[in-house]
2 protein chains.
Amino acid sequence: MTRPTIRSVAARAGVSKSLVSLVLQDSPKVSPERRAAVLAAMDELGYRPDPTARSLAQGRTRAVGLVLDDLRNPWFVDVLEGLRPVLHEAGLRPVLAESRSEPEAPRTFADLRVDGLVVIGTLPDLSVVADVARSVPTVLAGTRLGPDDALDVDVVAGDDARGVGLAVEHLLALGHRRLAHVAGTGPVGRLRREAFERAVRAGGATALVEVGPMTEDTGHRAGRALLTRPEPPTAVLASNDAAAVGLLAAAADLGVDVPARLSVVGYDDTSIAALRAVALTSVDNAAHEVGRLAGVRLLARLEDPAAPADLQLVAPRLVVRGTTAPPPRG
Amino acid sequence: MTRPTIRSVAARAGVSKSLVSLVLQDSPKVSPERRAAVLAAMDELGYRPDPTARSLAQGRTRAVGLVLDDLRNPWFVDVLEGLRPVLHEAGLRPVLAESRSEPEAPRTFADLRVDGLVVIGTLPDLSVVADVARSVPTVLAGTRLGPDDALDVDVVAGDDARGVGLAVEHLLALGHRRLAHVAGTGPVGRLRREAFERAVRAGGATALVEVGPMTEDTGHRAGRALLTRPEPPTAVLASNDAAAVGLLAAAADLGVDVPARLSVVGYDDTSIAALRAVALTSVDNAAHEVGRLAGVRLLARLEDPAAPADLQLVAPRLVVRGTTAPPPRG
DNA sequence: CTGAAAGCGCTTACAG
DNA sequence: CTGAAAGCGCTTACAG
């Protein structure tokens with residue numbers, strides 16, 4: 001009971017092997033009668049084409065490698081959700097890898113002969129990607145290139161300058177005059193930080209900055225540092241939601257009431273922000289849309305590999321919840 | 001500038017095509033000198049074997065399909081982390097799919113000719129898996145078979161009866177006498193619920209039960225229902241951490257202090273439980289170990305497809321944090 | 001230990 | 001519209 005092949009289908013339908021192949025490819029050169037006969041034979045035998053053989057013959061796998069740094073970050077999953085339907089519709093099948101546990105993932109994908117590569121979020125090191133991008137069409141989603149990245153690829157990302165601007169404007173409008181930022185590292189961290197300082201300065205307010213990896217722990221540590229200053233800030237913008245949650249914990253530790261005495265804003269609007277017990281005001285970075293556009297971009301790139309690399313920014317949106325309020329009086 | 005193949009490598013090394021193939025397979029039949037020559041040629045040409053061609057010739061893909069229901073549930077990611085290294089060491093490459101967004105994933109994997117399949121966590125419907133498991137070696141990780149599942153496959157899961165027992169014993173030891181459980185659906189939900197009722201009864205205490213899908217929302221709703229009863233419980237065990245977080249939110253809404261007036265225990269000990277702002281007492285379901293053992297089980301199954309199906313239970317562990325305490329006096 | 005040949009299951013020109 | 005042939009890049013007996 002070996003698997004049926006085009007050979008057995010052809011025999012059963014009383015046609016040649018290549019006719020079966022043409023039917024598989026929906027070729028218009030096949031008469032309706034023969035097509036019906038072949039389809040019937042396929043059905044009777046339970047035939048399913050072997051993608052391995054097809055890939056070898058066609059020289060393309062119809063697979064797209066998706067690399068993200070950390071499956072635990074729900075933001076990545078949002079991007080994935082926007083991306084997946086686009087690939088699916090194009091008959092491409094996503095294959096996922098987490099670079100944190102498999103740093104060589106982009107190269108592995110290249111060896112697998114994927115048709116394209118999408119890198120989601122900021123990777124600690126882009127050099128492997130730079131290498132692979134020379135032979136595989138590649139799109140970066142939800143991250144930005146740094147000045148040192150020798151990489152000429154399409155990029156789709158949230159407009160961080162605007163997102164930070166929205167958050168700062170919200171806080172300024174509430175009346176805050178001492179604002180702090182827990183900044184992340186990497187190109188995105190730098191962009192957000194610069195936008196923060198620019199926006200706060202433009203509002204004539206004071207900007208404090210703490211820096212660290214975008215984790216709960218960083219937020220907690222930064223929170224303690226900021227809140228024990230002689231003149232603590234009345235509002236903090238975190239580099240992401242995890243850091244914001246750390247800030248909230250630090251405030252709780254120190255008996256600082258949020259939002260009465262401290263306003264906190266997160267970034268990315270992940271599911272953690274929406275938890276009732278957290279209710280974090282956060283910048284929705286349009287992850288879903290970033291994913292969708294990255295997919296569209298990759299398809300365009302597959303069509304026209306020679307087109308110049310493109311940078312596309314998606315407008316973010318501020319989601320106001322329970323952690324922001326006017327500063328305490330006096 | 002076409003990719004190098006064994007053909008070009010052979011030409012460069014001055015040997016035959018098949019000799020190159022033998023080197024690729026680490027065959028002991030190759031003389032050290034020739035092997036060195038071939039390896040040098042590969043290196044000079046930057047040769048990487050084509051896995052597509054290899055799969056077609058060998059009739060195996062060395063890929064393992066991993067199906068999970070929801071990438072957002074961090075518990076799944078923990079299982080993945082335990083599983084991945086085992087597969088990696090065996091030269092198998094994991095391919096991930098989320099059944100929530102791709103219900104046909106198991107069948108897709110079968111069409112791709114994966115060598116094996118691991119189903120992680122509870123799927124809403126196992127019928128597709130049952131179908132695929134007939135032709136593809138399959139292991140279920142972190143879920144249990146229901147009485148109606150016509151499926152004869154290996155299962156590796158946390159020992160839910162024991163885990164629930166640990167939680168209930170903890171609460172009884174603290175002095176609680178009115179315990180509630182927010183039960184989930186499916187085989188796992190049923191197991192946990194039965195274990196809860198058994199353990200509470202054995203302790204001579206009163207057991208209340210609310211049922212619903214394992215979400216924050218269910219926890220929130222159940223919390224309101226339980227806490228507004230004439231005689232509310234003093235402790236609640238949730239079916240998972242998400243539901244427990246919903247419970248915490250309901251308690252906060254109603255001004256019920258946790259843990260002074262209500263103890264809450266979660267299940268799975270996900271990263272949410274460990275957040276400082278949550279500090280949830282939870283049952284560590286040994287997700288990592290479940291993943292590891294599922295991998296080991298799959299390898300054994302690939303070795304011996306005829307072996308009888310096996311059920312393996314992993315001992316859970318209670319992680320006590322800040323949401324449990326003795327009941328209020330009086 | 002080595003080399004020539006057939007084959008894995010499909011697709012792709014190419015001649016009818 | 002159809003059929004016979006070659007080829008995708010490997011592996012696998014098989015004869016030397």
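## Two chains and a DNA strand

In this predicted model, the contact between the chains draws on 31 residues from chain A and 31 residues from chain B. On chain A, the elements that put two or more residues into the side touching chain B are H4, helix H5 (74–89), strand E2 (93–98), helix H10 (216–227) and helix H11 (241–253). H4(A) gives the largest share of that side, with five residues.

How do the two copies relate? A 180° rotation with 0.0 Å of shift along its axis lays chain A over chain B, at an RMSD of 0.1 Å. That's the relation of a two-fold axis. Both copies use the same surface, too: 100% of the contact residues of chain A turn up again in chain B.

Now for the DNA. Around DNA strand C sit 24 residues, and the closest are A:Thr5, A:Ser21, A:Ala53, A:Ala57 and B:Ser18. Helix H2 (17–24) and helix H4 (51–58), from chain A and from chain B, each bring at least two residues to the surface near the strand. Here again H4(A) has the largest share, five residues.

Here's how the two surfaces divide by residue class:

| Surface | Nonpolar | Polar | Charged |
|---|---|---|---|
| Side of chain A that touches chain B | 16 residues | six residues | nine residues |
| Surface near DNA strand C | eleven residues | eight residues | five residues |

As for the layout of chain A, the chain splits into domain 1 (6–49), domain 2 (63–159 + 287–315) and domain 3 (160–284). Between the C-alpha centres of domain 1 and domain 2 of chain A there are 37 Å.

Conventions
Residues numbered from 1 in each chain as written. Chains lettered and ligands numbered in written order. Predicted model: local features only at pLDDT ≥ 70, side-chain atom pairs only at ≥ 80, totals over all residues. Least-squares fit on C-alpha atoms with pLDDT ≥ 70 in both. Contact = placed C-beta atoms within 7 Å. Domains from an automatic or database assignment. Near = placed C-beta within 6 Å. Helix = DSSP H or I, 4+ residues; strand = E, 2+ residues; numbered from the N terminus. Nonpolar A, V, L, I, M, F, W, Y, C, P; charged D, E, K, R; others polar.
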